[in-house]
Amino acid sequence: MSVPDECIAVIVPVYNLESYISECLESLLKQTYPHWVAYVIDDGSTDESSQIVDECAAKDCRFKVFHKLNGGLSSARNLALEKIGLALQDYSVVAFLDGDDWLDTHAYSDLLPKMLSEKSDILFFGFKHAFPDRVSERKFVHLEGRVSRRDFVEAVFSYGDWSGKNGSWGVVWNKFFRIEVIDGLRFIEDKTVNEDELFCVQASLKAKNFCFVNRSYCFYRQREGSLLRATGFDAKLERGRLLALSVLDESSIDEKEALQERIRPAMLDSFFDSKRKGFRQFFKDGDVLAKVAEEVLPIAEERYRTGVMNDADYRLIRTMALAHRLTNSGERQSSDFLSGLSPVEELSVQLMLDEIEILKGERELNKKLLRENKTGKDIHKKLVQENRSQAENIEKLLDEIKVLKAEKAWAQKLEQGNSERDKKIKLLQQKLSRQESFQKALQSFNISQYLKHRILSKLTFGNARLQHREKYQEQKKLYRAIKKGRF
């Protein structure tokens with residue numbers, strides 16, 4: 001299969017991931033497929049994550065880094081989608097990668113050609129769970145290549161044959177999306193709602209062709225601080241799934257009811273997952289779980305009749321469903337709703353209604369406190385930004401002072417140099433003055449008198465030397481005669 005040259009836009013949200021983000025971005029650099037651009041969104045990190053992503057961007061221009069105030073995962077991804085929308089013509093596929101996960105080296109070189117050859121609008125693939133001491137993956141489904149929209153939705157909600165199988169899950173980081181499919185689509189920014197499953201359902205309504213690659217290419221890190229381990233995550237899942245049912249209700253596709261029937265069993269499973277985690281959190285999320293109970297009541301009744309569901313679980317579902325109906329109807333003691341209930345069940349419904357009313361009041365109070373807290377955080381962030389700007393101004397002033405000191409020192413050196421230069425100039429002027437005086441003396445000198453004097457001096461000196469020589473010769477002769485004994 002020939003290697004394409006179409007560009008992949010990769011969305012990487014980052015928030016306080018200094019221990020993991022380097023490995024994540026390094027896995028992108030190691031991709032054997034080079035045509036990608038990563039939109040790295042720093043969602044107001046307070047650790048070293050910001051510095052790390054900036055350093056990566058300085059080394060490779062394929063990393064486009066954007067810093068923003070903390071707004072949550074959906075807010076970060078939406079900013080990336082807006083930036084990609086401004087350069088829509090440059091990309092053909094959008095992929096997602098969380099900042100604490102990493103990719104197989106051949107992920108993009110294997111997956112993109114497959115997506116193009118199958119002419120898929122959405123491609124999804126398997127992933128491995130990366131624990132601190134091991135890496136594991138779930139069993140694979142016996143399916144490969146093109147799949148239907150129903151298969152895709154079943155995989156998103158782990159329904160039917162996809163239950164517990166590799167590749168099934170309502171996340172976006174194990175999927176490729178054709179850019180035309182998600183153009184204009186955004187993640188819901190309500191932090192009480194799980195955004196990924198809803199986004200996948202919305203994208204599936206615009207897609208026509210789907211493809212599954214039966215191999216793991218992403219390593220999903222298991223850590224304590226992840227969103228999936230946060231308290232109340234099951235309630236977030238249920239709110240997102242209720243919205244997904246509403247989206248399908250409003251759609252015009254023929255198979256919307258069949259798709260809804262693939263979401264409701266997942267809602268029922270999450271309902272009991274929340275119950276198993278403790279009744280305190282369960283009743284804290286009672287309002288949304290009551291809505292879920294009404295949605296899944298027909299499935300619960302079927303499972304109860306066939307013996308799959310026990311009596312206690314069925315009565316819990318039925319009680320909460322009735323409580324939700326009574327709450328929506330505004331009638332606390334409607335005979336239509338309460339008929340056929342035992343005294344114990346009727347009391348349970350009344351207690352549930354009271355609990356829901358209390359929870360609603362607490363939720364409103366919590367929302368108010370959150371708004372006030374958010375306002376306080378905004379003020380704090382503003383003060384921090386002002387302090388940073390003041391610190392930057394102080395640093396600039398200090399730099400200016402250093403420059404001024406350096407200029408002053410340089411000026412002093414120039415003054416010293418000018419003083420020494422003036423001394424040298426004065427000495428040169430004195431020397432020049434002496435040379436000019438000497439030249440004037442030469443010009444007034446009588447050369448003939450000078451030559452006459454020189455000749456006389458030489459003659460006088462020559463005569464003296466001659467007389468001295470004659471005298472020396474006479475003394476020498478006298479010495480020889482004395483030596484021979486003549487005297």
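**Close-up 1. Arg77 and Asp196 meet in a salt bridge.** In this predicted model, the side chains of Arg77 and Asp196 come together at 2.6 Å, N to O. The pair links distant parts of the chain, with Arg77 in helix α3 and Asp196 in helix α7 (residues 195–206), 119 residues apart. Are these two residues buried or exposed? Both Arg77 and Asp196 are buried.

**Close-up 2. Arg77 also forms a salt bridge with Asp98.** Here the N to O distance is 3.2 Å. Arg77 sits in helix α3 (residues 73–86) and Asp98 in the loop between β4 (93–96) and β5 (102–103), so this pair ties together parts that are 21 residues apart in sequence. Arg77 has a relative accessibility of 1%, so it counts as buried. Asp98, at 16%, counts as buried too. Put the two views side by side and you have a network of salt bridges linking Arg77, Asp98 and Asp196.

**Close-up 3. Asp60 and Arg62 pair through their side chains.** Side chains of opposite charge can pair when their charged atoms come close. In this salt bridge, the N to O distance is 3.0 Å. How much of each partner is covered? Asp60 has 16% relative accessibility and is therefore classed as buried, whereas Arg62, at 21%, is classed as partly exposed; the cut-off for buried is under 20%. If you would like to look for others, the count for the model comes to 19 salt bridges.

**Close-up 4. A negative patch lies on the surface.** Which residues form this patch? They are Glu18, Glu48, Asp54 and Glu55. Glu55 is a handy place to start looking, in helix α2 (residues 49–59). Its relative accessible area is 41%, which makes Glu55 partly exposed.

**Close-up 5. Positive charge gathers in a surface patch.** Arg469, Lys476, Arg480 and Lys484 make up this group. To find your way, follow helix α15 (residues 447–484), where Lys476 lies. Lys476 has a relative accessible area of 34% and is partly exposed.

**Close-up 6. Helix α8 is mostly covered.** Of the 18 residues in α8, 14 are buried. The helix runs over residues 233–250. What span should a helix of 18 residues have at 1.5 Å a residue? The expected value is 26 Å, and the end C-alpha atoms of α8 are 26 Å apart, so the two agree.

Terms used: Residues numbered from 1 in each chain as written. Predicted model: local features only at pLDDT ≥ 70, side-chain atom pairs only at ≥ 80, totals over all residues. Heavy atoms only, no water. Patch = residues over 30% accessible without salt bridge, like charges linked within 9 Å, V, L, I, M, F, W, Y side chains within 5 Å. Areas by Shrake-Rupley, 256 points an atom, 1.4 Å probe, with all protein chains shown as cover. Salt bridge = Lys/Arg side-chain N within 4 Å of Asp/Glu carboxyl O. Lys, Arg positive; Asp, Glu negative; His and termini not counted. Charge placed at Lys NZ, Arg CZ, Asp CG, Glu CD. Helix = DSSP H or I, 4+ residues; strand = E, 2+ residues; numbered from the N terminus. Buried < 20%, exposed > 50% of the residue type's maximum accessible area, 1.4 Å probe, protein only. Expected span 1.5 Å × (residues − 1).
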